[in-house]
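Please work through the exercises below with the sequence and coordinates at hand. Each task is followed by a solution in steps.

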Amino acid sequence: MGRQTVAAERTRAGNAAGPAGAPRVRRWVRDNGLAVTMFGAFLLFLALQSLFGWQTHNEELVQAGVRAQSYLGYLGTGHFAEAVFENWESEFLQMGAYVLLTVYLVQRGSAESRPEPDEDRPGDDPARAKSNSPWPVRAGGLVLALYRNSLSIALFLLFGASFVLHLLGGTAEYNEKQALETGAPPVTAWEFLGSSDFWFQSMQNWQSEFLAVGTLIVLSVFLRQHGSPESKPVNTPQHETGG
């Protein structure tokens, strides 16, 4: 009787858990919830941007007496590429600069600042590598040197790629507008790079990104968000810098 009871309990537990893979899926979603949410929001807003951009672009074409484009056709236009990549460009520049600057600069009392800028954290010392440390740490040499700076390198590479794509998309959009409005001959990407139009697009995004990060740095000195790693603990003194 006891064995039957144990077997029944196990059966009920198995039914409650659902398919064998369900617990693993739930665990994966829990362990990656922040990234899933962020990239999910990114895809949603990118799709909405493309839809509203398509409608806006077609309104401009119709006003110029040109036939409207299909949605898929719009995704290959300079109008869409310029709008997307000029924002990506500023985001990756801001993040790369922020990661690198926090190595050398401090803001007293901010949760976003290192408490001891002149010393490496114990976990940054290759001599203290463990058996389960990432393999570049155990490999040493050039591989380690690149790995120690891989986050900022990756962000600046993404910035460079976005900068080039913004330039190409902006050139295509500029040429299309010129053809519709004035019939002027097209310009090259190099010529558009030297235009005030291109740098106006870039600067209006760059300034806003650095404003947002600077605001977070200063506000985290005085304000708190319970449970967030971007905030100091609620009972931490205002003068105490983050980790």
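The exercises treat the overall fold, the salt bridges, a pocket and two residues.

The model is predicted: local features need pLDDT of at least 70, side-chain atom pairs count only at pLDDT 80 or more, and totals for chains, interfaces and linings use all residues. Residues are numbered from 1 along each chain as its sequence is written, and side-chain values use heavy atoms, with hydrogens and water left out.

**Exercise 1. Overall description**

Determine which elements the protein has, and what share of its residues is buried.

Step 1. Helices (H or I, at least four residues) and strands (E, at least two) are taken as DSSP runs, numbered from the N terminus. The protein has ten helices and zero strands, and its order from the N terminus is α-α-α-α-α-α-α-α-α-α.

Step 2. A residue is buried under 20% relative accessible area, exposed over 50%, and partly exposed in between (1.4 Å probe, protein chains only). Of the 243 residues, 26% are buried.

Step 3. The exposed area of the protein is about 16,600 Å², of which carbon and sulfur atoms supply 64%. Areas come from the Shrake-Rupley method with a 1.4 Å probe; for residues, only the protein chains shown count as cover.

Step 4. With contact meaning heavy atoms within 4.5 Å, residues 24 or more positions apart account for 58% of the contacts with a separation of 6 or more.

**Exercise 2. Salt bridges**

Establish how many salt bridges there are, and characterise the partners of each.

Step 1. The criterion is a side-chain nitrogen of Lys or Arg within 4 Å of a carboxyl oxygen of Asp or Glu. It yields two salt bridges.

Step 2. One joins Arg30 to Asp31, with the closest N and O atoms 3.3 Å apart. Arg30 is exposed at 62% relative accessible area, and Asp31 is exposed at 52%.

Step 3. The other joins Glu173 to Lys177, where the closest N and O atoms are 4.0 Å apart. These two residues lie four apart in helix α8 (residues 150–181), so about one helical turn separates them. Glu173 is buried, with 3% relative accessibility, whereas Lys177 is partly exposed at 39%.

**Exercise 3. The second largest pocket**

Describe the space and the lining of the second largest pocket.

Step 1. On a 1 Å grid over the protein atoms alone, a pocket is an open set of points where a 1.4 Å probe fits, with protein on both sides within 12 Å along at least five of seven lines; lining residues have an atom within 4 Å of a point. The second largest pocket holds about 190 Å³, the volume being the space filled by probe spheres set on the points, which are joined across faces, edges and corners.

Step 2. Its lining comprises 13 residues, and those closest to the centre are Tyr98, Leu101, Thr102, Leu105 and Ile217. Two or more lining residues come from each of α5 (78–104) and α10 (196–222); α5 gives the most, with five.

Step 3. Ala, Val, Leu, Ile, Met, Phe, Trp, Tyr, Cys and Pro count as nonpolar, Asp, Glu, Lys and Arg as charged, and the others, Gly among them, as polar. The lining thus divides into eight nonpolar, four polar and one charged residues.

**Exercise 4. Two residues**

Locate Ile217 and Tyr104, and state which residues Ile217 touches.

Step 1. Ile217 lies in helix α10. Leaving aside residues up to four places away in sequence, Ile217 touches Tyr98, Gln107, Ser110 and Glu112. The C-alpha atoms of Ile217 and Gln107 are 7.5 Å apart, although 110 residues separate the two along the chain.

Step 2. Tyr104 belongs to helix α5 and is exposed, at 61% relative accessible area. The C-alpha atoms of Tyr104 and Arg114, ten residues apart along the chain, are separated by 9.0 Å.
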